[in-house]
Amino acid sequence: MSLVPEMDAELMESYSESYDNFYEAYGICDMMASKVDASWGTCPGDRTSCRPSIRVKVTNLKEPSAFRRAVVVVVAMEKMRRGVFNAADGCHFGDSDLLEIFGSILVEDDIHVQTFERTFMAESVYRYFSSTVQGITDTDNKSLALNEFSGQAQLVALHLQGPNVERQVKLNMSFYTSPPGDKKRPVTLGIVGKQLYLSCVMVGSTPELRLEEVSGILTAIKSDLLRFLFFKADESYSSSFESASCPGWFISTSRNPNEPVTVSTSQSGIQNFKLFNE
């Protein structure tokens with residue numbers, strides 16, 4: 001066994017007095033090299049086939065400078081590879097030797113990946129932030145009017161003239177938060193002067209537009225109240241209202257007058273409405 005010999009000024013760049021026992025060299029050849037030229041002791045056989053075996057010994061790992069010590073190892077190995085062991089007529093210390101050293105130091109460990117079959121997402125919540133009163137007609141200029149009978153209410157679309165204009169309903173349109181960049185704005189549609197809100201519910205396999213009594217403003221809408229929410233999309237001079245609980249179904253009026261307001265997926269009815277500030 002022979003210790004790594006003293007190094008000249010060029011090799012002392014990476015040396016520290018506190019690392020006297022940091023690395024040691026063992027081999028079948030005595031390595032005495034105070035300069036770049038290496039002088040060798042007695043080796044069995046041809047000296048050119050002699051390859052020193054290097055083993056790194058790390059001590060005092062409890063000190064907080066473990067990373068710094070690793071850097072010193074790298075620097076020392078590189079100095080030996082380029083200097084002491086790179087003599088033209090001696091044994092060569094190559095990259096493969098360096099890899100063997102680090103292979104004995106570093107421990108390869110498996111990375112454990114855990115796969116989950118289900119992904120859980122937080123429930124969407126639409127929060128109220130403003131409201132406005134709007135007059136409304138469809139693009140055929142039919143107004144919406146409220147028919148009430150036997151404790152039930154229904155919206156119909158018809159042309160109103162003269163004194164009948166008073167029957168035209170106004171909407172209390174409330175706006176809710178939506179994802180940034182989304183052109184469709186979540187809204188609820190209430191009847192001004194009434195505690196009635198438009199809702200879209202599934203009856204059997206077909207969605208149905210209803211009027212439901214609600215006290216006050218719906219300040220937060222979760223899945224249990226999604227039937228009251230509609231996505232308002234604006235096109236030049238008109239707007240459409242798509243049901244949030246029944247995607248693809250829009251508030252519609254018939255092309256015939258005095259027919260109920262419904263929800264539909266086709267263009268057989270009128271799905272675009274004109275709004276007026278009140």
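**Entry 1: a hairpin**

I started at Met202, which stands opposite Pro207 in E11. This is a predicted model, so I keep that in mind for everything below. Next I looked up how E10 and E11 run, and the answer is antiparallel, with eight bridges joining them. The hairpin of E10 and E11 has two residues between the strands. I checked the backbone there too, and Gly204 takes a positive phi near 70 degrees.

**Entry 2: the whole chain**

I stepped back to look at the full protein chain. I found two helices and 18 strands. How much of the chain is buried? Buried residues make up 38% of the 278 residues. The chain exposes about 17,600 Å², and carbon and sulfur atoms supply 51% of that area. I also looked up contacts between residues at least 6 apart in sequence, and 56% of them join residues at least 24 apart.

**Entry 3: the cores**

Which residues have the most contacts inside the largest nonpolar core? I noted Leu155, Leu189, Ile191, Leu198, Phe230, Phe241 and Ile251, in a core of 24 residues. The elements that give two or more residues to this core are strands E6, E7, E8, E9, E10 and E11. So my hairpin strands, E10 and E11, turn up on that list again. There is also a second, separate core of 10 residues, which includes Tyr176, Val214, Leu229 and Ala244.

I then picked Phe241 and listed its contacts, leaving aside neighbours within four places in sequence. Among them are Ile136, Met173, Val187, Trp249 and Phe273. Leu189, Phe230 and Ile251 are also in contact with Phe241, and these three appear in my list of core residues with the most contacts.

**Entry 4: aromatic pairs**

How many aromatic pairs does the structure hold? I got four, and I wrote up two of them.

Tyr126 and Phe231 form an edge-to-face pair, 6.3 Å centre to centre, with 65 degrees between the planes. Tyr126 lies in strand E5 and Phe231 in strand E13, so the pair ties together parts that are 105 residues apart in sequence. Both Tyr126 and Phe231 are buried.

Tyr197 and Phe228 also form an edge-to-face pair, 6.3 Å centre to centre, here with 80 degrees between the planes. Tyr197 is in strand E10, while Phe228 is in the loop between strands E12 and E13, 31 residues apart. I checked burial again, and both Tyr197 and Phe228 are buried.

**Entry 5: Thr253**

Thr253 lies in the loop between strand E15 and strand E16. Is Thr253 buried or exposed? Its relative accessible area is 3%, so it counts as buried. The Thr253 side chain makes a polar contact with the side chain of Asp138, at 2.8 Å. Leaving aside neighbours within four places in sequence, Thr253 is in contact with residues including Lys142, Leu144, Ala157, Val261 and Phe273.

**Entry 6: Gln154**

My last stop was Gln154, in strand E7. Gln154 counts as partly exposed because its relative accessibility is 32%, and partly exposed covers the range between under 20% and over 50%. Which residues is Gln154 in contact with, leaving aside neighbours within four places in sequence? I listed Ala145, Leu146, Asn147, Leu211 and Pro260. I also looked up Gln154 and Val261: they are 107 residues apart in sequence and 8.0 Å apart in space, C-alpha to C-alpha. Val261 had already come up, as a contact of Thr253.

Key: Residues are numbered from 1 along each chain as its sequence is written. Side-chain values use heavy atoms; hydrogens and water are left out. A nonpolar core is a set of buried Ala, Val, Leu, Ile, Met, Phe, Trp, Tyr and Cys residues joined through side-chain atoms within 4.5 Å. Buried means under 20% relative accessible area, exposed over 50%, partly exposed in between (1.4 Å probe, protein chains only). Helices (H or I, at least four residues) and strands (E, at least two) are DSSP runs, numbered from the N terminus. Contact means heavy atoms within 4.5 Å. Rings of Phe, Tyr and Trp (its six-membered ring) pair if their centres lie within 6.5 Å; planes under 30 degrees apart count as stacked, over 60 as edge-to-face and the rest as tilted. Accessible areas come from the Shrake-Rupley method with a 1.4 Å probe; for residues, only the protein chains shown count as cover. A polar contact is a pair of N or O atoms within 3.5 Å; within protein, one must be able to donate a hydrogen and the other to accept it, and residues adjacent in sequence count only if both atoms are side-chain atoms. Two strands pair if DSSP finds at least two bridges between them.
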